[in-house]
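This is a walk through one model, strand by strand. Please keep the sequence and the coordinates open while reading.

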Amino acid sequence: MQIRQVPADHPDAVKLDAEVQLEYAARYDSEGDETVLHPRMFDPPGGIYFLAYDADGRPVATGGWRSQETNDEGYSDGDAEIKRMYVTVEARGLGLARRILARLEESARAAGRTRMVLETGTKQPEAIALYRSSGYTDCPKFGHYRYDPLSVCLAKPLA
């Protein structure tokens with residue numbers, strides 16, 4: 001497996017984003033994640049986006065972070081918000097999510113971010129288990145889904 005930094009609007013990123021939206025829609029009986037995202041939010045130094053490719057060059061996992069500062073959605077200065085963590089069905093169980101998470105944390109720390117934050121949901125127990133086993137703990141809710149009872153917000157200091 002090879003992990004590459006790419007723009008968030010790279011065709012392979014767009015492809016995997018469409019897949020993860022279908023998964024969100026199925027799990028939550030919804031239209032998918034309604035959080036407003038623009039690809040430029042993930043441009044360095046204010047963010048980053050990674051894709052993992054298998055030995056045949058197929059995109060199989062993705063993840064990015066974007067900078068956040070204190071605002072009325074509950075973020076704090078120095079936050080790096082994880083978005084679009086996803087591993088394709090055929091590549092699950094290979095440790096890719098954990099590898100991408102480590103790269104996200106390293107790059108956010110190098111960019112001067114002080115805390116990783118993320119929002120997931122109760123219908124994604126695998127994600128919650130990954131983050132908690134990686135040192136993330138519950139935090140006050142933030143972001144688009146902060147008032148949704150299915151929302152789970154987690155954070156990890158980067159210092």
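In which sense do strand β1 and β2 pair, and over how many bridges? The model is a predicted one, and in it β1, residues 2–5, pairs with β2 in the antiparallel sense over four bridges. Two of the residue pairs can be picked out by name. Arg4 stands opposite Leu51 in β2, and Gln5 has Phe50 of β2 as its bridge partner.

On to the next pairing of β2. Strand β3, which covers residues 59–68, pairs with β2 in the antiparallel sense, over seven bridges. Leu51 appears again here, with Thr62 in β3 as its bridge partner. Leu51 therefore faces a named residue in each of two strands: Arg4 stands opposite Leu51, and Thr62 is the bridge partner in β3. Strands of a sheet pair through backbone hydrogen bonds, and the pairing is either parallel or antiparallel. The connection between β2 and β3 is a hairpin with five residues between the two strands. In the turn, Gly57 has a positive phi of about 85°.

How many of the residues of strand β2 are buried? Seven of the seven residues in 47–53 are, so the strand is mostly covered. Gly47, Tyr49, Leu51 and Tyr53 point one way from β2, while Ile48, Phe50 and Ala52 point the other way. Both sets are buried.

The wider arrangement comes next. β1, β2 and β3 belong to an open sheet of seven strands with mixed pairing, in the order β1-β2-β3-β4-β5-β7-β6. Its edge strands are β1 and β6 (137–138), each of which pairs on one side only. Helix α2, residues 96–110, packs on this sheet and touches β1, β2, β3, β4 (79–87), β5 and β7 (151–157). The direction of α2 makes about 30° with that of β3.

One residue of β5 can be followed further. Thr120 is found in that strand, which spans residues 115–121. Is Thr120 buried or exposed? Thr120 has a relative accessible area of 6%, and because buried means under 20%, Thr120 counts as buried. The side chain of Thr120 makes a polar contact with the side chain of Gln124, at 3.3 Å. Leaving aside residues up to four places away in sequence, Thr120 touches Ala127, Ile128, Leu150, Ser151 and Val152.

Conventions. Residues numbered from 1 in each chain as written. Predicted model: local features only at pLDDT ≥ 70, side-chain atom pairs only at ≥ 80, totals over all residues. Heavy atoms only, no water. Buried < 20%, exposed > 50% of the residue type's maximum accessible area, 1.4 Å probe, protein only. Pairing = 2+ DSSP bridges. Polar contact = N/O pair within 3.5 Å; in protein donor to acceptor, adjacent residues only side chain to side chain. Contact = heavy atoms within 4.5 Å. Axes fitted to C-alpha atoms, helices over the stretch in contact; angles between N-to-C directions.
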